[in-house]
Amino acid sequence: MRKEFASTAVMKKIMADYFYELNGAAGTASAKIAWCTSVGPAELLRALGFLVYFPENHGALLGATRTAQDYIPLANAAGYSPEICSYLTSDVGACIKGETPLSRAYPGIERPPRPDVLVFNTNQCRDVQDWFAWYSRKLKIPLLGIYTHRGIKEVAGAHIDSVAAQLLSLIPELERISGNKFNLDRLKETVGLSLECSRLWRKVLETAANVPSPFTFFDATVQMGPAVVLRGTTAAVDYYKALLAELRERTGLGVWAVDGERHRLYWDGMPIWGKLRDLSEFFADLKTCVAASTYCNSWIFEELNPADPFKSMAGAYTRLFIVRSDEKKEEYIADMVRKFAIDGIVFHDSKTCPNNTNSRYGMPERLHETLGIGTVTIFGDLNDLRCYSEEQSKTKLEAFIEQFGE
Ligand code: SF4
């Protein structure tokens, strides 16, 4: 059984406040709403007074509530292939059907908040651009975007300058839509809060470096909500201070996430949202802690610097794992394996997200060779459970963990 955290009740309240604020503001003049991709320029939008909504978070909710499969076919029928991002297809399908899991979680909310502007960054993939473009056409809402270099080994000054210039160029249109004048001090403050949130989130994740660990990848997927949707706010900073204190207390008292922890794994790739609880219990039964992941670490933006907000935002969003070359990714995973005392790596080959799948071009084999530890690849998807071969994956994982012995 996953051990619940006392802090989770606070998180649920923060998330409810967040969604109700968006719902209350939608369609009114009180505050404008920007939809933003998960690693889009949230700090800039907040500094301009927008309330910021993240459709990827809605996509994850559709996956976690296992409602995604009801909606994906509707997007497929509208011409969006079953092979592309299943966040996109489930979210677009839910919009076509006029339904949202937010209604069940937050009574009174009938639909995601209507945007006043849509802002993407292609640093993670092109799907976000097509996803937002669909809404732009349907709702007749302005679409703005940042185009980031991808597959980068060494991030150069020219990469940063190009993204920083694109960020700056968004300001006139965002001022027009928000009705607010850009204020540099406000941006510095927001960037400072985002940085503080990142540092705390890193410390939360690093509590799992303790052997045994008080925290798992599965806990982190639950606890990452504020880091995703509320970075740049004091609510997120306060939340992670409290969660960190609780984790440190657990470490002091010897309360571990997996009773009798014997093995430690690293998870690369997307979560399988509809199977998180099931997988968490499956690994716990095998006395195995999935101690760290690429995914949950992707919301650490420690390069942010309030003194140089535009360049540091550009740097933080360009040095992300997903943007980098395989060589850089392998160096990163090797560091994580050492830091978290990992015995083996699970690669999740996520059918509809090649961008967050790193097992298709020999990376598991290369890491096995350089690190001398085992790797296993399972086939699934972030939201589309038709792509997840559960029995085959569990058989593979059991055999993989058996190799570690008692
Ligand atoms: S990175 Fe993957 S999961 Fe995320 S929006 Fe892009 S395709 Fe979808």
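How do the residues of the shell around the ligand divide into nonpolar, polar and charged? In this predicted model, the shell comprises seven nonpolar, three polar and two charged residues. The residues around the ligand are Glu-56, Cys-85, Tyr-87, Gln-124, Cys-125, Asp-127, Val-128, Met-270, Cys-353, Asn-355, Asn-356 and Leu-382. Both domains contribute to this shell, for at least three of its residues are drawn from each of domain 1 (7–183) and domain 2 (186–402).

The ligand therefore offers a natural introduction to the overall division of the protein into domain 1 (7–183) and domain 2 (186–402). The centres of the two domains, taken over C-alpha atoms, are separated by 22 Å. Where they meet, 49 residues of domain 1 are in contact with 45 residues of domain 2. On the side of domain 1 that touches domain 2, helix H1 (7–25), helix H2 (42–47), H3, H4, H5 and helix H8 (157–178) each supply at least two residues. By class, this side of domain 1 has 27 nonpolar, 16 polar and six charged residues.

One of the helices on that side, H3, deserves a closer look. Helix H3 spans residues 55–64 and is mostly covered, with nine of its 10 residues buried. The buried residues are Pro-55, Glu-56, His-58, Gly-59, Ala-60, Leu-61, Leu-62, Gly-63 and Ala-64. Glu-56, which is buried in H3, also appears among the residues around the ligand. Against which elements do the buried residues of H3 pack? They pack against strand E1 (33–36), helix H4 (68–77), helix H5 (86–97), helix H7 (127–139) and helix H13 (276–285).

The chain just after H3 holds two further points of interest. Arg-66 takes a positive phi of about 55° there. Thr-67 lies in the loop between H3 and H4. Is Thr-67 buried or exposed? Thr-67 counts as buried because it has 21 C-beta neighbours inside 10 Å, and the cut-off for a buried residue is 20 or more. Leaving aside neighbours within four places in sequence, Thr-67 is in contact with Leu-62 and Pro-101. Leu-62 is itself one of the buried residues of H3. Thr-67 and Thr-216, by contrast, are 149 residues apart in sequence, and their C-alpha atoms are 25 Å apart in space.

Another loop residue, Thr-352, shows how residues distant in sequence can meet. Thr-352 lies in the loop between strand E7 (344–350) and helix H17 (363–371). Thr-352 is buried because 25 other C-beta atoms lie within 10 Å. Although Thr-352 and Ile-84 are 268 residues apart along the chain, their C-alpha atoms are separated by 5.0 Å. Not counting residues up to four places away in sequence, Thr-352 touches Glu-83, Ile-84, Cys-85, Ser-86, Asp-381, Leu-382 and Asp-384. Two of these partners, Cys-85 and Leu-382, are also listed among the residues around the ligand.

Two lysines may be considered together for their backbone geometry. Lys-140 has a positive phi of about 55° although it is not a glycine, and Lys-287 likewise has a positive phi of about 55° without being a glycine. Lys-140 is found in the loop between H7 and strand E4 (143–146), whereas Lys-287 is placed in the loop between H13 and strand E6 (288–293). Helices H7 and H13 have already been met as elements against which the buried residues of H3 pack. Lys-140 counts as exposed because it has 7 C-beta neighbours inside 10 Å. Lys-287 is partly exposed, because 16 other C-beta atoms lie within 10 Å.

The remaining features lead to helix H9. Two packed helices are described by the angle between their axes and the distance between the axes. The axes of helix H9 (residues 184–206) and helix H15 (residues 309–318) come within 10 Å and cross at roughly 35°. The crossing of H9 and H15 is left-handed. Which residues make the contact? Leu-187, Lys-188 and Val-191 take part from H9, and Pro-309, Ser-312 and Met-313 from H15. By class, the contact of H9 with H15 has four nonpolar, one polar and one charged residues.

Beyond H9, the chain enters the loop between H9 and helix H10 (217–223), where Pro-212 is found. The peptide bond from Val-211 to Pro-212 is cis, with omega near -5°.

Terms used. Residues numbered from 1 in each chain as written. Predicted model: local features only at pLDDT ≥ 70, side-chain atom pairs only at ≥ 80, totals over all residues. Axes fitted to C-alpha atoms, helices over the stretch in contact; angles between N-to-C directions. Helix = DSSP H or I, 4+ residues; strand = E, 2+ residues; numbered from the N terminus. Left-handed = near helix turned anticlockwise from the far one by under 90°. Contact = placed C-beta atoms within 7 Å. Nonpolar A, V, L, I, M, F, W, Y, C, P; charged D, E, K, R; others polar. Buried ≥ 20, exposed ≤ 12 C-beta atoms within 10 Å, placed from the backbone. Near = placed C-beta within 6 Å. Domains from an automatic or database assignment.
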